[in-house]
Amino acid sequence: MKKIIDAFDYSGEFAKNMKRGILLTTKKDDFVNTMIIGWGTVGIEWGKPIFVAYVRESRYTRQILDETGEFTVNCPVGDIDSNIISICGTKSGRDMDKIQELGLHLEEPLQISVPGIRELPLTLECKVLYRNPQPVAELPQAILDRYYPEKNGVRDFHYAYYGEIVGAYIISEE
């Protein structure tokens, strides 16, 4: 069961839980992939409710987002299993099926093809309106060094995905 909500009434929950990580979920064909994100915002742009998610260039999720243009944001209400944070924050969907490995329960979406996740019931359904690499030329060196250390002469920067929030709900088992 889904309780339809106004995403802005829960923006504080997304901000608070972002510190420990929330999930960004994508789907390509029949494969559902999810990853932890620690950067994101709920807001308004172009007169539309928006969730901006930041995904590193190298992530498998970025590849799927570029192909499909849809995602869900999945936020816990209360406690979250630390295995979800650990696996979704360190493993790639290129190498494993994280949904199956964790035994997560998928919920049918309302407006897009990407499902919600019952274990993280606060859900936003989003369609990508715009994506852009983060402008990094003017970043202070301290931020570059901390968040984008060079590995083999390359820095793994983020892309910003501006997703229009087309659905928002809390999944319940009632």
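A residue counts as partly exposed when its relative accessible area falls between the buried class, under 20%, and the exposed class, over 50%. With that in hand, select K48 in this predicted model: because its relative accessibility is 31%, K48 counts as partly exposed.

**From K48 to its partner**

Add E164 to the selection, and you will find that E164 and K48 form a salt bridge in which the closest N and O atoms are 3.9 Å apart. K48 belongs to strand β5 and E164 to strand β10, so the pair ties together parts that are 116 residues apart in sequence. The structure holds nine salt bridges, and two others are visited further on.

**Along β5 to the hairpin with β4**

Now show strand β4, residues 40–45, beside β5; the two run antiparallel and are joined by six bridges. Within this pairing, V42 stands opposite F51 of β5. The hairpin of β4 and β5 has two residues between the strands, and W46 takes a positive phi near 55° there.

Keep W46 selected and add L129 and Y130, which together with W46 form a nonpolar patch on the surface with about 320 Å² of accessible area in total. Of these, Y130 is found in strand β9, residues 122–133, and counts as partly exposed because its relative accessibility is 37%.

**Into the largest core**

Return to F51 and look inward. Which residues have the most contacts inside the largest nonpolar core? They are I22, I37, F51, V73 and L124, in a core that has 23 residues. At least two residues of this core come from each of α1 (11–18), β2 (22–28), β3 (31–37), β5 (48–56), β6 (70–75), β9 and β10 (158–171), and β10 supplies the largest share, with five residues. In soluble globular proteins, nonpolar side chains tend to be buried together.

To see how one of these residues is surrounded, select V73 and display its contacts beyond four places in sequence: they are F14, I22, L23, F51, L122, T123, L124 and C126. Apart from the largest core lies another core, of ten residues, and L23, V32, C88 and L120 are among them.

**The hairpin of β2 and β3**

Select β2 and β3 together; these strands run antiparallel and are joined by seven bridges. In this pairing, L24 has M35 of β3 as its bridge partner. Two residues lie between the strands of this hairpin, where D29 takes a positive phi near 55°. If you colour β3 by accessibility, six of its seven residues come out as buried, so the strand is largely enclosed by the rest of the structure.

**From β2 to helix α2**

Next select K28 and E67, whose side chains meet in a salt bridge with an N to O distance of 2.7 Å. K28 lies in strand β2 and E67 in helix α2, residues 60–68, so this pair ties together parts that are 39 residues apart in sequence. Both partners are partly exposed: K28 has a relative accessibility of 28%, and E67 a relative accessible area of 44%.

Stay on α2 and select R62 and D66, whose side chains meet in a salt bridge at 3.6 Å, N to O. Because R62 and D66 are four residues apart in helix α2, they are separated by about one helical turn. Is R62 buried or partly exposed? At 16% relative accessibility R62 counts as buried, whereas D66 is partly exposed, with a relative accessible area of 33%. Adding R131 to the selection completes the view, since R62, D66 and R131 are linked in a network of salt bridges.

**Last stop: F157**

Finally, select F157 in the loop between α5 (141–147) and β10. F157 is buried, with a relative accessible area of 17%. Display its contacts, leaving out residues up to four places away in sequence, and you will see F157 touching V55, R56, E57, V136, L144 and Y148. For V55, draw a C-alpha to C-alpha distance to F157, which comes to 8.2 Å in space although the two are 102 residues apart in sequence.

Definitions and conventions:
Residues are numbered from 1 along each chain as its sequence is written. This is a predicted model: local features need pLDDT of at least 70, side-chain atom pairs count only at pLDDT 80 or more; totals for chains, interfaces and linings use all residues. Side-chain values use heavy atoms; hydrogens and water are left out. Patches are made of residues with over 30% relative accessible area and no salt bridge: like charges are joined within 9 Å, nonpolar side chains (Val, Leu, Ile, Met, Phe, Trp, Tyr) within 5 Å. Accessible areas come from the Shrake-Rupley method with a 1.4 Å probe; for residues, only the protein chains shown count as cover. A salt bridge is a side-chain nitrogen of Lys or Arg within 4 Å of a carboxyl oxygen of Asp or Glu. Buried means under 20% relative accessible area, exposed over 50%, partly exposed in between (1.4 Å probe, protein chains only). A nonpolar core is a set of buried Ala, Val, Leu, Ile, Met, Phe, Trp, Tyr and Cys residues joined through side-chain atoms within 4.5 Å. Contact means heavy atoms within 4.5 Å. Two strands pair if DSSP finds at least two bridges between them.
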